[in-house]
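This report describes selected features of one protein structure. Please consult the sequence and the model shown below while reading.

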Amino acid sequence: MAVRRTGAASGGVYLVDETGRLLSLKAAYGLSGEIAAAWLHVPVTASVPLGDAFREDRVVWVGSQEEMALSYPQTAAALPYRYAFAAAPLSGRTRCWGALFLTWPAGHSGRASPRERGNLAALGRRVARALEEAGRAFVPPDEPYMIPADGAAEEFSLSAHAPADLLERLPEGFVALDLEGRITFVTSRAAALLGRHVSQLLGTRPWQSLPWMDQVLVEEHYRTAVISRESVGFTVLRPPDTWLDIGLHPDSSGISVRVDARRSGPGEPGPPRTASPAAPGTSAGRLYQLVHLAAALTDVVGVQDVVDLIAVQILPAFGADGMVLSAADAGRLKIMGHHGYDPRTIESLDGLPVDTSLTPAGEALIKGVPLFFADPDELARAYPAAPRISGKQAWAFLPLISDARPVGCCILTYARPHTFTADDRAVLTSLGGLVAQALDRARLYDAKHALAHTLQQALLPRSLPAVGGLEVAARYLPAGHGMDVGGDFYDLIRLDRTTAAAVIGDVQGHNMAAAALMGQVRTAVHATAGARPDEVLARTNRVLADLEPDLLVSCLYAHIDLAGGRMGVASAGHLPPLLHRPGERPGVLEIEPGPLLGIGVELPYPITSVLMPPGTTLALYTDGLVEVPGTDLDRMTSGLAQLLAGRSRLDRLVDKLIHHSWPHGLPTDDIAVMLLRSGEA
């Protein structure tokens, strides 16, 4: 439906899994299974158009190969073709189900009009609505359903109808390929030019049935035609000395191929070779798959990201169904993640000595040489007990070496005996090096993140003090992915029975220094709390200037007088709060901000005096709540302010605010929110 409505060449639907961490391809049209194989699963945190569309709840349009390379280099490296691409979220009433994608031929307009974007968003909502109406009756398939193109050939047989007779009478040869590259039709002239009988060609891929076409560039021309929907022409040598002109003309159902013999005039040289033989087993698909995996490994952040990438991308690429990822730690192999194994088996393997004789993992790591076992008998000859541990039938033990240091071991396993070709061994060995570097970086990141997170949690208040006549609720939500712990903070300080100080701020940066500086700011504010708001910020600014930090801090301080029904607010470059008073429209409180803390300039911090009658609701927040990619800041703050008019309990209201901004979770920045509602003092 979406492909027809938009005139796209291909498209597909991804649904998010139960964990909320993976988008899985469930249906596709106009794509070959071989091309789709590398994209069956996409982490929701991946820097690809689908991930952005899902996380940020917006239409993503990439109008050209150049734009793809600039915005999404990982996708461009894996699919270096000319085409336009769009992704739209499947936004339902209560959740986002996933994302759909569409591609257009290279000649399609590079820009999308607001109307086109609106139509794409509407298509996503329509698919989501269909999923919601189906409810529990809808069971996603385990494998993607490849929708056949209209008019696609269903059997490999030579037609006797008039079109086939017409082609037979022409001096050139003609071949039809489906989107998987299989020959579904071939004229006798084409078969003669290719040097095979018709029956030897039907149902095969040319680069498989014709050894002289087993060249990377031949398959690459086919992939270019399928993805970009552009006609492609090239010349190839049929041994010993016959040059053939090949023309590929694609559409949504397959590729029409014209084959003709190249004839050189007297004294003219033959045409140049456009393709060179590849190593046995090498294919353009495998090469681009490796580029895709290498780019993906450079994009991972934590150890769990590495485990997920191996499980959902590397295993399918090599036909494996299980894996164990171990890290060398204090002379032992600590299992960091696994897939396709019984937990009891993992428990028995976790913590084995690096020099264990139970499995080949230690030997592979100590010697730095990968070990491959095609079947249980081969493994049992070297390690008699190893085959019985898991019941697997073939194994690849890849040592993970980074900067000449042993990092760990990655084990890929197969449910059936598997012969590892020389190409398989070379590629897996190279991947082992990339996994090692990714795992090394990820472990360092996780250690730093855990330390910073512990520091931040120790500095944030575990609970807020009770102040008579003041209802309070607060939330801190870390960024969804790819960022270290930041310096967002909030606090409520009880000054006496009827007065309190509320403070919220954001330290520049996402690292240990930001978390540490956040603690220093809170300490400085506590030391001066109770003074006039402008004096509190001015003194805190002087303290930070004396410390000479490299980071700046935004901060908002509110002095609340419940007995007098008033509030004084001063801001150091922080976002203005949201306010709702009974009987009035909610909105943004207009305040005049002063300079950021830490700049060391003696400038005033103006005080804004605000009436605060019983029932007044105040929302203090950091920029992670309102700065959502693809949304207008004013519209976002206005929408959040409207939610204050309800009479929800504050602990529920604070969750509503966060859900309004990030309905699918995974915020791109830390969020701190504190709500206050005045009552009877």
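## Nonpolar surface patch

In this predicted model, Leu552, Ile599, Val601 and Leu603 make a nonpolar surface patch of about 280 Å². One of these residues, Leu603, is found in the loop that runs between β25 (587-588) and β26 (607-611). The relative accessible area of Leu603 is 43%, so this residue is classed as partly exposed.

## Nonpolar cores

The largest nonpolar core comprises 61 residues. Within this core, the residues with the most contacts are Val175, Leu194, Leu244 and Ile246. Helix α11, spanning residues 216-228, gives the most to this core, contributing 5 residues. Apart from this core lies another, of 49 residues, which includes Ala474, Leu618, Leu620 and Ala672.

The surroundings of Val175 can be described in further detail. When neighbours within four places in sequence are left aside, Val175 is in contact with Ile183, Phe185, Val186, Ala190 and Leu194, and also with Ile255, Ser256, Val257 and Val259. Leu194, one of these partners, is itself among the residues with the most contacts inside the largest core.

## A buried lysine

Lys26 is placed in strand β2, which covers residues 22-29. Is Lys26 buried or exposed? Its relative accessibility is 17%, and because buried means under 20%, Lys26 counts as buried.

Not counting residues up to four places away in sequence, Lys26 touches Val13 and Leu15. Under the same condition, Lys26 also touches Pro140, Pro141, Asp142, Glu143, Pro144 and Tyr145.

Note on methods: Residues are numbered from 1 along each chain as its sequence is written. This is a predicted model: local features need pLDDT of at least 70, side-chain atom pairs count only at pLDDT 80 or more; totals for chains, interfaces and linings use all residues. Side-chain values use heavy atoms; hydrogens and water are left out. Helices (H or I, at least four residues) and strands (E, at least two) are DSSP runs, numbered from the N terminus. Buried means under 20% relative accessible area, exposed over 50%, partly exposed in between (1.4 Å probe, protein chains only). Contact means heavy atoms within 4.5 Å. A nonpolar core is a set of buried Ala, Val, Leu, Ile, Met, Phe, Trp, Tyr and Cys residues joined through side-chain atoms within 4.5 Å. Patches are made of residues with over 30% relative accessible area and no salt bridge: like charges are joined within 9 Å, nonpolar side chains (Val, Leu, Ile, Met, Phe, Trp, Tyr) within 5 Å. Accessible areas come from the Shrake-Rupley method with a 1.4 Å probe; for residues, only the protein chains shown count as cover. A salt bridge is a side-chain nitrogen of Lys or Arg within 4 Å of a carboxyl oxygen of Asp or Glu.
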